[in-house]
Amino acid sequence: MIKALYISILSLLGIASVFMGGSVIFDLFGIREMEGNYVPFIVWANFICGFLYLLAVYGILNKKSWQKIPLMIAFTVLIIAFSGLIIHIQNEGVYEHKTVKAMIFRTVLTLIFLLTHKKIFKMKKFMIPAIIGIAMLTSCDKKQTDAVDHSEHTAQTENAATENHDDHADHADTSVGLVLDNGNKWKTNTEMLPFIQEQERLLDAYDDNKDDYKVLAANLNSANEKLIKSCTMTGKSHDVLHVWLTDHMRNIDLLAKATTKEEADKVTDALEHSMETYHQYFD
């Protein structure tokens, strides 16, 4: 019973890690878009650890002498990845607050499995409840803090997006127009592309006979705020982007303020044209 419980929890952690990590890496089920500002090397670390957890389960079931080694490797991978995440954050790289909490939870849980591996069968009445208790407390605390932080993070994101846009506007060369880079398209930084694609998806999926244009405006605005927040472009490429973005944001604002369906239809047409314009000047 105790052994089965230990193996079940470790198996579930492994399967969940492989599924979620693989879905983001290979962009399955639209999960990558939902993850927002995910950090690629963190996703890969969790994906690898998923296989290591499952390998440990295989070793335990088959009584292999090396059954503890995969857990040791997984813990090492997580420590290295977490250190990299700290450096990434200090260098002002984009990330989600939930990523930090998830890494702490995963690292602590892996350490618990590692430390209790040998003792678990000698202290049956104490160690398993301790593992389950700590895991449940950590999980509950994570859910509660995520719920509390969600609204705060949403407000902070909106404020940061506005501030970032204002900051970009202050540093943009207003004399620059929509021009190509010596006949070539400008390169958009990779962090911004998911939010460009999200806006295109929203516009493509919008049915003016069925959907609420106010909802479309709110969703476009949300994606655009994330786009602005993730912008790290500098120089002339940023100035040209700002020219496009200023007009694009104005149209989103007009859509939100539209009072009739006819007015909204004209603005959505303008937004679709805006996305076409983006692709004329940016990759």
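Arg106 is buried, with a relative accessible area of 14%, in what is a predicted model. The residue belongs to helix 5, which spans residues 97-115, and, once its neighbours within four places in sequence are left aside, Arg106 is in contact with Leu13, Ser17, Asn46, Tyr53 and Leu78. For one of these partners, Leu78, which lies 28 residues away along the chain, the C-alpha atom is separated from that of Arg106 by 8.1 Å.

Helix 7 (residues 193-205) and helix 10 (residues 261-281) pack with their axes 10 Å apart and at an angle of about 145°, and the crossing of helix 7 past helix 10 is left-handed. On the helix 7 side the contact is made by Leu193, Ile196, Glu200 and Leu203, while helix 10 contributes Leu271, Glu272, Met275, Tyr278 and His279. Glu276 also lies in helix 10, and its C-alpha atom is 9.5 Å in space from that of Glu200, although the two residues are 76 apart in sequence.

Phe29 sits in the loop between helix 1 (2-25) and helix 2 (31-35), where it joins Phe19, Met20, Phe26 and Leu28 in making a nonpolar surface patch of about 540 Å². Phe29 counts as exposed because its relative accessibility of 63% is over the 50% cut-off.

The accessibility of three residues discussed here is set out below.

| Residue | Relative accessibility | Class |
|---|---|---|
| Arg106 | 14% | buried |
| Glu276 | 49% | partly exposed |
| Phe29 | 63% | exposed |

Definitions and conventions:
Residues are numbered from 1 along each chain as its sequence is written. This is a predicted model: local features need pLDDT of at least 70, side-chain atom pairs count only at pLDDT 80 or more; totals for chains, interfaces and linings use all residues. Side-chain values use heavy atoms; hydrogens and water are left out. Patches are made of residues with over 30% relative accessible area and no salt bridge: like charges are joined within 9 Å, nonpolar side chains (Val, Leu, Ile, Met, Phe, Trp, Tyr) within 5 Å. Accessible areas come from the Shrake-Rupley method with a 1.4 Å probe; for residues, only the protein chains shown count as cover. A salt bridge is a side-chain nitrogen of Lys or Arg within 4 Å of a carboxyl oxygen of Asp or Glu. Helices (H or I, at least four residues) and strands (E, at least two) are DSSP runs, numbered from the N terminus. Buried means under 20% relative accessible area, exposed over 50%, partly exposed in between (1.4 Å probe, protein chains only). Axes are lines fitted to C-alpha atoms, for helices over the stretch in contact, and angles run from 0 to 180 degrees between N-to-C directions. A crossing is left-handed if the near helix is turned anticlockwise from the far one by less than a right angle, and right-handed if clockwise. Contact means heavy atoms within 4.5 Å.
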